[in-house]
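Please open the model in your viewer and keep the selection tool at hand. The stops below proceed from the whole chain to individual side chains.

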Amino acid sequence: MTTLLETRYRAVLRLLPASYRREREEEMVETYLWGVDRDLQDQSRPTLGEVASIAALAVRCRLGAPGAPRRYALLGAAVRLFALSAVLLLAVSAVVDRVLELTWAFTRGASGRQMFLTGFTGRNTTETVVAVLTWTLPLLWAVAYFALLHDHRRLARYSAFGAALPALWPLAGPLTGDALPPGVPWYEASAVLLAWLPALALGAAHHRDAPAARLPAGSPGLVFLAGCVVAGGSLVLLPGAADTVWAPATCFVVGALGWLLWRARRTDGTSPGAALALAALGLLVLTARVAALYPWLHVPGAGLVVGGGLGQTAVLVPLTAALAVVGGRDLARISAGTPGAVAAGAPRHGTRR
């Protein structure tokens with residue numbers, strides 16, 4: 001006779017893919033019920049730790065763990081490359097912004113240095129700490145990028161979550177009585193998505209059973225340096241058109257176009273899911289681009305910023321659509337291939353009590 005505890009375990013195990021449950025469900029249920037008095041099983045329920053363990057296993061299984069079906073392997077590859085590309089984009093943007101800001105401040109004499117320091121001084125303690133963290137924490141995107149490519153996954157996860165924290169602070173404005181101008185909440189929401197989706201994707205897809213992260217082409221240092229050159233050049237050459245999304249959007253456009261050209265010249269295939277990953281990143285950048293552009297539409301004399309933003313939007317829309325089309329074709333070609341697992345072995349289910 002099935003007890004209530006067994007029924008509850010089986011309900012939680014439905015989070016796992018059906019193929020995994022067919023192979024492991026009975027073993028896992030037996031392990032969870034081991035040592036639990038049968039008379040107490042109708043009054044017990046799975047612990048939060050067990051539920052969390054099963055949920056984490058479900059994520060790993062669906063994001064390309066060893067032995068995963070082809071569709072999950074493709075999804076995992078796409079999410080991992082999306083996380084890596086987004087972290088690179090955010091790292092380049094954070095480093096370039098701060099280098100240019102320091103360069104400007106310390107080449108303008110005492111007045112420039114004073115203007116820079118007033119962003120951190122003359123406030124109460126809480127505001128000063130927040131200002132310092134808001135300026136410094138995004139630099140952790142660079143730490144996350146290099147840590148991930150050197151297979152230091154825990155450091156990469158912690159760095160990404162730390163770098164994403166400042167994006168949440170503006171959302172606390174209504175709680176502290178600080179009203180935001182019309183249109184700004186949409187930008188703040190897009191900034192949260194731009195920071196936290198890559199951080200969450202990194203934490204979920206680069207799990208312990210996932211393959212090591214790698215770039216489709218180039219070495220980590222050279223790719224990062226190239227991104228800094230593109231981002232910095234876009235800000236230096238057209239400072240009047242630059243807003244908060246100008247440099248990241250420019251980097252994405254140049255990088256995505258470069259990848260499409262590189263892909264067209266190759267005959268031995270490319271990283272699975274790369275086009276889908278870039279299409280998802282392009283949609284995310286496009287959302288941030290539109291949200292950042294909207295407040296400038298109502299600012300007199302902001303024609304250059306508006307024109308630059310509209311120009312980037314006009315490029316991002318067809319580019320993202322082209323990446324989606326290429327990704328769809330890759331997905332159809334891979335789906336038409338030989339079915340089955342893409343790697344031997346199976347993930348550990350972590351049912352130890």
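Helices are DSSP runs of H or I with at least four residues, and strands are runs of E with at least two, each numbered from the N terminus. Read in that way, the elements of the protein chain run α-α-α-α-α-α-α-α-α-α-α-α-α-α from the N terminus on. The model is a predicted one.

**Whole chain**

Begin with the entire protein chain in a cartoon representation coloured by secondary structure. The assignment comes to 14 helices and zero strands. Switch to a colouring by accessibility: of the 353 residues, 43% are buried. Among contacts with a separation of 6 or more, 77% join residues that lie 24 or more positions apart.

**First helix pair: α1 and α2**

Two packed helices are described by the angle between their axes and the distance between the axes. Select residues 4-13, which form helix α1, and residues 18-33, which form helix α2. Their axes are 10 Å apart and enclose an angle of about 140°. The two helices are therefore oblique to each other. Their crossing is right-handed.

Now display the side chains at this contact. From α1, show Leu-5, Glu-6, Tyr-9, Arg-10 and Leu-13; from α2, show Arg-21, Glu-25, Glu-26, Met-28, Val-29, Tyr-32 and Leu-33. Seven of the residues in the contact of α1 with α2 are nonpolar, five are charged and no residue is polar.

**Charged side chains between α1 and α2**

Side chains of opposite charge can pair when their charged atoms come close. Keep Arg-10 on display and add Glu-25: the two side chains meet in a salt bridge, with an N to O distance of 3.2 Å. This pair links distant parts of the chain, since Arg-10 belongs to helix α1 and Glu-25 to helix α2, 15 residues apart.

Next, select Glu-26, whose side chain forms a salt bridge with that of Arg-10 at 3.0 Å, N to O. Glu-26 is in helix α2 and Arg-10 in helix α1, so this pair ties together parts that are 16 residues apart in sequence.

Which of these side chains are buried, and which are exposed? Glu-25 is buried, at a relative accessible area of 16%, whereas Glu-26 is exposed, at 52%. Arg-10 is partly exposed, at 21%. Add Glu-6 to the selection to complete the picture: Glu-6, Arg-10, Glu-25 and Glu-26 are linked in a network of salt bridges.

**A further salt bridge: Arg-153 and Asp-151**

Move along the chain to Arg-153 and Asp-151, which form a salt bridge whose closest N and O atoms are 2.8 Å apart. Arg-153 is buried, with a relative accessible area of 15%, and Asp-151 is partly exposed, with 41%. The count of salt bridges comes to seven.

**Second helix pair: α11 and α12**

For the last stop, select helix α11, residues 220-237, and helix α12, residues 246-265. These helices pack at an angle of about 130°, and their axes are 9 Å apart. That angle makes α11 oblique to α12. As α11 passes α12, the crossing is right-handed.

Show the side chains on both sides of the contact, together with the glycine. Gly-227, Val-230, Ala-231, Ser-234 and Leu-235 of α11 meet Trp-246, Ala-247, Thr-250, Cys-251 and Val-254 of α12. The residues of the contact of α11 with α12 comprise seven nonpolar, three polar and no charged. By contrast, the contact of α1 with α2 includes five charged residues.

Definitions and conventions:
Residues are numbered from 1 along each chain as its sequence is written. This is a predicted model: local features need pLDDT of at least 70, side-chain atom pairs count only at pLDDT 80 or more; totals for chains, interfaces and linings use all residues. Side-chain values use heavy atoms; hydrogens and water are left out. Axes are lines fitted to C-alpha atoms, for helices over the stretch in contact, and angles run from 0 to 180 degrees between N-to-C directions. Angles under 35 degrees count as roughly parallel, over 145 as roughly antiparallel, 65 to 115 as roughly perpendicular and the rest as oblique. A crossing is left-handed if the near helix is turned anticlockwise from the far one by less than a right angle, and right-handed if clockwise. Contact means heavy atoms within 4.5 Å. Ala, Val, Leu, Ile, Met, Phe, Trp, Tyr, Cys and Pro count as nonpolar, Asp, Glu, Lys and Arg as charged, and the others, Gly among them, as polar. A salt bridge is a side-chain nitrogen of Lys or Arg within 4 Å of a carboxyl oxygen of Asp or Glu. Buried means under 20% relative accessible area, exposed over 50%, partly exposed in between (1.4 Å probe, protein chains only).
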